[in-house]
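Work through the exercises below with the sequence and the model open. Try each task before you read its solution.

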Amino acid sequence: MNAPAAPEPRATEPRATEPRSSESRAEDRPARLTVGVVGAGRVGPALAAALRLAGHRPVAVSAVSDASRRRAAALLPEVPVVEPARVLALADLVLLTVPDDALPGLAEGLADTGAVRPGQLIVHTSGRYGARVLDPVRRAGALPLALHPAMTFTGTEVDVQRLAGCSFGVTAPEELRLAAEALVIEMGGEPEWIAEEARPLYHAALALGANHLVTLVAQSMELLRKAGVGAPDRMLGPLLGAALDNALRSGDAALTGPVARGDAGTVAAHVAELRKHAPGTVAGYLAMARTTADRALAHGLLKPELAEDLLGVLAAGTTAADGPQGDDR
């Protein structure tokens, strides 16, 4: 099946200055694309639904588990569930939305089966990888793009709404950069160019901020329930919202609390209570407290004369936390 011929480019896409083949420039491809999804996790169906709102046409999705089939049915109603090779046969634009560790093998497998068509746009959404992981499909004639939405997904329709203004980490061959950015804009997102070699650091930064935040908030709510708070989410909402806003605006200057103030006695009391009521949280508390102390010191928020006692408390807490583990080895 040959790649479809390219009509006049859309106004939102770059206009070619001279005729080029549809296989060499994705922005010269048809104004409306058929879209396929390989891997109906939380991300793929939402992105396909966003592309549908932009006028593209989802035509096929691959899904294995019952949960993924339900997501596909909810976000892409009437789109048939088929095998991955069939998705590639039907779609001009294919979204590979599988776990990071599965992506290299999937790209190689699709290329080896001959399912890839020249001129086909193959997009993955992994934060870890750039476009190079798609080299197998590129050698088969496909046009590789890495479009990673910097957003946490629920697998429901709310994800499509959250894409409005969402930043996407974009990596692609230079000649496809404008096409990749145009697709992001069509989904309502904001493209942010990430160099191939910077993708692992980029992804680590997002995981540090977002994934670990969920863990911290969940732990905080559990502790508040143990302290007798009936609605910990309602208590934390305004506090965390203000803290996040302040951090985004001011960075380390927004640091507050006993560590930044050097209240060693308060921190020692925290550690003792956590060890008594929630020992699984002690290591995380100590690690974050040490990091907070280092940053507060570096930015002049924590006075050096108070830091010594504070760091002593944290060191003692670490020794106490590690002691039983050492005895068990």
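Two strands pair if DSSP finds at least two bridges between them. Helices (H or I, at least four residues) and strands (E, at least two) are DSSP runs, numbered from the N terminus. The model is predicted: local features need pLDDT of at least 70, side-chain atom pairs count only at pLDDT 80 or more, and totals for chains, interfaces and linings use all residues. Residues are numbered from 1 along each chain as its sequence is written, and side-chain values use heavy atoms, without hydrogens and water.

**Exercise 1.** Find the strands that pair with β6, and give the sense of each pairing.

Solution. Start with β5 (residues 143-149): this strand and β6 are antiparallel, with four bridges. A146 has T171 of β6 as its bridge partner. Next take β7 (residues 190-193), which runs parallel to β6 and is joined to it by four bridges. Here F168 is bridged to P191 of β7. Now trace the connection: the chain leaves β6, passes through helix α7 (residues 177-186) and reaches β7 in a right-handed β-α-β crossover. Right-handed means that, with the strands pointing away from the viewer, the path from the first strand over the helix to the second runs clockwise.

**Exercise 2.** Decide whether β6 is mostly covered or open.

Solution. Take residues 167-171. Four of the five are buried (under 20% relative accessible area, 1.4 Å probe, protein chains only). The strand is mostly covered.

**Exercise 3.** List contacts of F168 beyond its neighbours within four places in sequence.

Solution. Contact means heavy atoms within 4.5 Å. The partners include L47, L147, L163, V184 and P191.

Definitions and conventions
Buried < 20%, exposed > 50% of the residue type's maximum accessible area, 1.4 Å probe, protein only.
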